[in-house]
Amino acid sequence: MSLPRCALLWARLPAGRQAGHRGAICSALRAHCGSFPRALRVPALAASSSSASGGSKAPNTSLFVPLTVKPQGPRADGDVGAELTRPLDKSEVKKILDKFYKRKEIQKLGTDYGLDARLFHQAFISFRNYIMQSHSLDVDIHIILNDICFDAAHVDDLFPFFLRHAKQIFPVLECKEDLRKISDLRIPPNWYPEARAIQRKIIFHSGPTNSGKTYHAIQKYLSAKSGVYCGPLKLLAHEIFEKSNAAGVPCDLVTGEERVTVEPNGKQAAHVSCTVEMCSVTTPYEVAVIDEIQMIRDPARGWAWTRALLGLCAEEIHLCGESAAIDLVTELMYTTGEEVEVRKYKRLTPISVLNHALESLDNLRPGDCIVCFSKNDIYSVSRQIEIRGLESAVIYGSLPPGTKLAQAKRFNDPSDPCKILVATDAIGMGLNLSIKRIIFYSLLKPTVNEKGEKEIEPITTSQALQIAGRAGRFSSQFKEGEVTTMNREDLDLLKEILNRPVDPIKSAGLHPTAEQIEMFAYHLPDTTLSNLIDIFVDFSQVDGNYFVCNMADFKFSAELIQHIPLSLRVRYVFCTAPISKKQPFVCSSLLQFARQYSRNEPLTFAWLRRYIKWPLLPPKNIKDLMDLEAIHDVLDLYLWLSYRFMDMFPDATLIRDLQKELDGIIQDGVHNITKLIKISESRRLLNLENSSSETQPLLSGTSKGLARRTRITQAAGSRTAQPASPDGGKITLASRLVQQGLLTPDMLRQLEKEWLTQQAEQGKERTECGTQLKGSRRKKKEPNSD
């Protein structure tokens with residue numbers, strides 16, 4: 001039966017008989033137009049809903065971002081549904097849709113299919129807009145709506161069409177079980193079949209800082225026929241690279257930004273020193289060394305240690321780190337069928353916590369290192385040391401590696417007049433320093449919690465031991481180390497922190513691979529990469545020994561370059577590039593690099609010189625120095641990308657030479673940092689008397705951090721949180737703020753000076769105001785007296 005014949009018969013039928021002959025008409029429509037979903041009743045749908053709802057945990061539906069389904073415009077072949085039935089009355093249709101939305105049975109049925117209240121509401125709004133705004137609807141839904149208008153069908157018959165629309169705007173509903181299988185992270189050892197094919201020997205070298213644990217592991221590495229060293233920092237990878245080649249063992253260097261082969265023909269050496277993220281899990285080695293294994297718990301980078309531990313193909317794997325990781329490593333190796341041999345070491349030189357604080361910078365001695373936890377404190381302390389006629393070296397995290405080494409060499413040189421070091425906790429790893437005494441300027445450290453909020457909290461026992469252990473190292477000129485604090489009020493808390501047992505590490509980090517994200521994207525092709533990561537983490541399943549690492553930095557980069565047209569694999573690589581969110585110029589450079597890549601325009605040496613405005617002048621103030629550090633990081637970013645996209649970043653060698661030149665400029669600036677600080681103060685670019693721009697946001701979370709610190713101190717039975725004043729009364733607010741590290745004595749003196757000045761000005765204003773009042777009163781009395 002032809003379509004025109006169907007339409008003619010339908011039109012000739014009386015209204016009451018049209019519904020009765022629907023079967024014959026619909027069969028003819030299917031033959032002509034193709035099949036369309038049958039209008040099923042609620043009971044039939046409910047019977048099959050049990051298979052649609054999985055038995056796993058309910059997903060976080062707030063992560064599901066609805067896609068846009070555009071209403072249908074006029075069709076070239078006309079509105080077939082209207083020809084078969086009649087044009088729809090949109091006001092009647094709206095009433096039907098509202099009735100559909102309010103039915104409890106429909107809402108419950110939606111829940112069975114994964115549509116919670118939020119998704120159900122969003123899906124309905126989209127479904128209603130689609131029907132109300134479309135010029136013509138599909139034949140099937142048009143007929144159902146027409147039947148409901150004439151009471152020939154039930155309003156529940158709309159549900160199949162509503163569900164179809166909901167799956168269009170929320171495609172995750174269609175493939176939840178597939179996504180759960182892709183994001184199943186419960187058996188990570190199975191990801192590394194090459195490592196599982198051999199029986200590895202695991203040796204854990206456990207001990208505190210300066211116990212020789214890494215030395216013994218490196219000796220095994222050097223004596224092996226082939227080996228790989230995996231370190232947490234570029235500085236450590238460079239150090240082992242140089243030591244190995246100096247010992248006559250050819251060794252290559254592999255970091256994110258650098259590849260160095262020592263063989264003249266470019267052939268790979270049997271030994272390689274690399275950062276832990278860059279180690280190969282397919283190359284066979286005789287010995288592997290994984291340094292600082294306790295970083296397997298790191299919220300952002302822990303996945304790299306997990307990957308190395310489970311995936312390295314080495315006959316012997318030597319782990320170096322804190323004893324807190326022994327239980328976890330033993331448990332992880334139990335799942336691979338490998339035993340762990342533990343070798344414990346004691347510190348080679350004694351270290352003691354002094355019974356008195358430094359209290360004043362006048363008491364500094366050669367070999368002292370003042371540890372601060374903010375750049376503002378570093379600038380302030382350096383300036384005060386310079387005022388006292390002393391020279392100091394400066395080391396903090398954002399300095400280039402070459403500058404750090406230059407400052408360390410200057411401090412270690414017995415013939416150099418620089419005998420004091422001012423540093424952040426960046427000295428905890430990767431630098432050999434000749435330190436006699438570690439002085440904690442404060443025990444409060446800015447941190448970022450799981451929600452991304454900034455807080456100020458006391459340092460952990462692990463952090464305190466790592467930093468304090470730098471004093472009196474075996475290879476330095478000082479054979480005994482000392483530790484103390486700047487403020488007397490902090491000394492008891494420091495002793496308490498150092499005496500606490502280190503909490504055992506309970507879980508290891510994991511990270512989704514590019515392949516897993518690609519499989520997710522196959523099922524959700526219109527979802528952004530940032531949203532894919534959110535959904536992956538939400539769907540992921542891990543056992544008690546693992547956790548999914550924090551993906552905040554990855555998501556930040558993904559959102560930054562989302563609007564740039566890139567393939568998923570290229571976008572993923574750009575998002576894994578190591579950048580600091582705190583440096584706007586570095587972030588904008590990542591955006592610019594991605595934009596150039598999308599245009600297929602190579603980023604040449606000449607282009608980059610113009611971009612960074614080379615040549616660069618020596619820094620004249622602290623702001624200039626920070627700008628140069630950011631440019632150094634941009635060059636690092638270029639080098640990192642050049643090893644992933646060699647054709648688009650072709651001038652890595654020239655850029656490396658440029659970076660070395662920039663490193664020299666930064667070194668000169670840091671060498672004269674006190675002059676830069678003085679100039680910055682005079683131009684009000686740096687205010688050391690008050691909170692700097694860096695620390696000011698941190699103070700918003702101070703009350704929470706201090707409350708937590710109080711709880712920690714009280715739980716440990718310490719009485720240092722509220723020490724009594726010498727006269728037996730309550731401690732003053734000023735003393736308490738100094739004790740908690742929120743004020744320095746110099747800042748307190750400045751505040752006192754400003755307060756006295758303000759009081760004097762207010763007193764003067766009151767005096768003048770009183771004189772004016774007396775004068776006015778006299779004027780008011782004079783007319784009355786007359």
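This report describes the nonpolar cores, one helix and the cysteines of a predicted model.

## Basis

In this predicted model, local features need pLDDT of at least 70 and side-chain atom pairs count only at pLDDT 80 or more, while totals for chains, interfaces and linings use all residues. Residues are numbered from 1 along each chain as its sequence is written, and side-chain values use heavy atoms, with hydrogens and water left out.

## Nonpolar cores

The largest nonpolar core (buried Ala, Val, Leu, Ile, Met, Phe, Trp, Tyr and Cys residues joined through side-chain atoms within 4.5 Å; buried means under 20% relative accessible area with a 1.4 Å probe, protein chains only) holds 158 residues, of which F574, F593 and F649 touch the most other members. Helix 27 (residues 622–642) gives the most to this core, with 12 residues; helices (H or I, at least four residues) and strands (E, at least two) are DSSP runs, numbered from the N terminus.

Leaving aside residues up to four places away in sequence, the contacts of F649 (heavy atoms within 4.5 Å) are F574, F593, Y597, L603, Y638, L641 and S642. A second, separate core has 28 residues, including V371, F373, A393 and I497.

## Helix 18

The buried residues of helix 18 are T403, K404, Q407, A408, R410 and F411. Seen down the helix axis, they fall within an arc of 160° (taken from the directions from the axis to the C-beta atoms), so they line one face of helix 18. Among the elements that cover them are helix 14 (234–246), strand 10 (368–371) and helix 28 (652–671).

## Cysteines

The whole structure contains zero disulfides (pairs of cysteine sulfur atoms within 2.5 Å). C274 is buried at 2% relative accessibility, and its sulfur lies 4.2 Å from the closest cysteine sulfur, in C230, which is too far for a bond.

Technical notes: Buried means under 20% relative accessible area, exposed over 50%, partly exposed in between (1.4 Å probe, protein chains only).
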